[in-house]
Amino acid sequence: MRRRALLGAALLAAPALAQAAPKVVVIGGGFGGATAARALHRLGVSVTLVERDATYLSCPFSNAVIAGLREMEAQRFGYDGLRREGIAVVVQAARTVEERRVVLADGATLPFDRLVMAPGIALHPDAIPGLDTEAMPHAWRAGPQTLLLRRQLEAMEDGGLVVLSAPANPYRCPPGPYERASLIAHYLKTHKPRSKLILLDAKDAFSKQRLFEEAWAALYPGLLEWVPLSSGGKVVEVDAAARVVRTEFGEHQAAVANIIPPQSAGRIAQAAGLTDRSGWCAVDPVSFESRLRPGIHLIGDAIIAGAMPKSAFAANAQARVCAEAVAALLRGEAPAPPKLINTCYSLLEPGYGISIAGVYQPKDGLLADVPGAGGVSKPGAPTAVRAAEAGYAEDWFRTVTADAFG
Ligand SMILES: Cc1cc2nc3c(=O)[nH]c(=O)nc-3n(C[C@H](O)[C@H](O)[C@H](O)COP(=O)(O)OP(=O)(O)OC[C@H]3O[C@@H](n4cnc5c(N)ncnc54)[C@H](O)[C@@H]3O)c2cc1C
């Protein structure tokens, strides 16, 4: 009797998935991939994470590193938390994806029943003639480029011109160039006050524009100038050695130039035949399954997510929804239509934060804004409100990194 009761309890406790032992591989251990691996593991799925680097450097808050407000080590996260939970972590680049198996850089293969890919972005400096990213760093992936740009700012003479260029849509982190311009302006104001910053933009409008412009007028008058596309904001060519930046309307002699090139989905997505003519990956907005290769799911910056921006917050939210969908599909069930949230905070000087938030749901094959949900920080708000938002940004960073990396 007792034996039968124990057997019954064991059967109840055993996750249904364990019987079939389906295998899921996740490529990319950034905000999207690390979150997805942990969420899948919690759902009882056997998961292996493949990540090129032994540790991850976070782009969120890396603009503060460039401006000397934060150290790089505060951006670094490892995978020991995932390993302790029982997730297999393979530190190696994935080379390509064959039928139901991932081929690693050393030639070894990992079979999968379903694959989740979160490879982030590829940058295309070749799209700007003359661009040499050692002379004119993009710093759009956190790492040596971040520190190179910081060192160039530190080495520059007071009175120099910093030229920053923002790409056309779509690209990683829509408010990122404007946050960076603000924090570099803060650095110049406090360390090199005779200097100036020009932000050349390949667009005529940008995220949280009214709030940024309100803050720039108050914090950096005469120091920070935004040049939209229609006034000559598009960079057409550079002379990297001479630090000259040419636009459709003229040229700028920079002391430091930070040119952010156009982007596409990470290279492995292209190698695996997952990108369309836009260079990004189209997915089903309920399951995040590729429109081009069934059985492969994509999340994060690499995908076309309709109204949802390319942010760490979005990658993290998509990862959790995708993990639920993958687990449901492995059980033979249909995934439930999700609602996803995104909030992007920007820091304009220490203690001055603003945000934009949105809620998204599947509509006509894409993720669309839920009407009436979300919004931006109030223009004209008192400094105490801006200080509170700067604090929320720090809280968000602690929460999202704990969710992704344990
Ligand atoms: C300056 C800046 C500031 C930002 N600030 C914010 C912010 O405040 N809030 C916010 O929400 N977002 C912010 N972002 C955006 C955020 O960094 C990205 O949206 C986020 O990192 C996307 O996550 P992901 O997982 O899609 O890609 P990533 O974080 O880039 O991760 C991709 C991972 O895949 C790995 N990889 C790629 N190819 C392979 C391969 N072939 N094999 C194995 N591994 C591979 C990479 O090594 C990397 O670890 C900012 C971005 C920038 C540049």
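Trainee: Which residue has a polar backbone atom 2.8 Å from a nitrogen atom of the ligand?

Mentor: The model is predicted, and the distance is computed from its atoms. The pair joins a nitrogen atom of the ligand to a backbone atom of the protein, and it falls within the 3.5 Å limit for a polar contact. The residue that supplies this backbone atom is Ala94.

Trainee: What share of the ligand's accessible area does the protein cover?

Mentor: On its own, the ligand has 990 Å² of accessible area. Of this area, the part covered by the protein is 95%.

Trainee: Which elements give two or more residues to the shell around the ligand?

Mentor: One strand meets this condition, E2 (46-51). The helices that meet it are H3 (31-42), H4 (62-66) and H10 (312-330). The largest share, 3 residues, comes from H10. In sequence order, the elements are therefore H3, E2, H4 and H10.

Trainee: How many charged residues does the shell around the ligand have?

Mentor: The ligand is surrounded by 35 residues, and Glu51, Arg172 and Asp301 are among the closest. By class, the shell holds 18 nonpolar and 10 polar residues. The number of charged residues is 7.

Trainee: How far is a polar side-chain atom of Glu51 from an oxygen atom of the ligand?

Mentor: Oxygen atoms of the ligand take part in contacts with both backbone and side chain. A backbone N or O atom of Phe31 lies 3.4 Å from a ligand oxygen. For Glu51, the contact is made by a polar side-chain atom, and the distance to a ligand oxygen is 2.7 Å.

Trainee: Which residue is the bridge partner of Ala94 in E7?

Mentor: Strand E6 spans residues 94-98 and strand E7 spans residues 101-104. The two strands pair in the antiparallel sense over 4 bridges. In the hairpin that they form, Arg100 takes a positive phi near 60°. The partner of Ala94 in E7 is Leu104.

Trainee: Which residue takes a positive phi in the hairpin of E7 and E8?

Mentor: Strand E8 covers residues 109-111 and pairs with E7 in the antiparallel sense over 3 bridges. Within this pairing, Val102 stands opposite Leu110. The hairpin has 4 residues between the strands, and the residue with a positive phi, near 95°, is Gly107.

Trainee: Over which residues does pLDDT stay under 50?

Mentor: The protein averages a pLDDT of 95, and 95% of the residues score at least 70. For the stretch in question, the model has 7 contacts beyond four places in sequence. The stretch with pLDDT under 50 is residues 1-18.

Technical notes:
Residues numbered from 1 in each chain as written. Predicted model: local features only at pLDDT ≥ 70, side-chain atom pairs only at ≥ 80, totals over all residues. Heavy atoms only, no water. pLDDT = per-residue confidence, 0-100. Contact = heavy atoms within 4.5 Å. Near = heavy atom within 4 Å. Polar contact = N/O pair within 3.5 Å; in protein donor to acceptor, adjacent residues only side chain to side chain. Areas by Shrake-Rupley, 256 points an atom, 1.4 Å probe, with all protein chains shown as cover. Nonpolar A, V, L, I, M, F, W, Y, C, P; charged D, E, K, R; others polar. Pairing = 2+ DSSP bridges.
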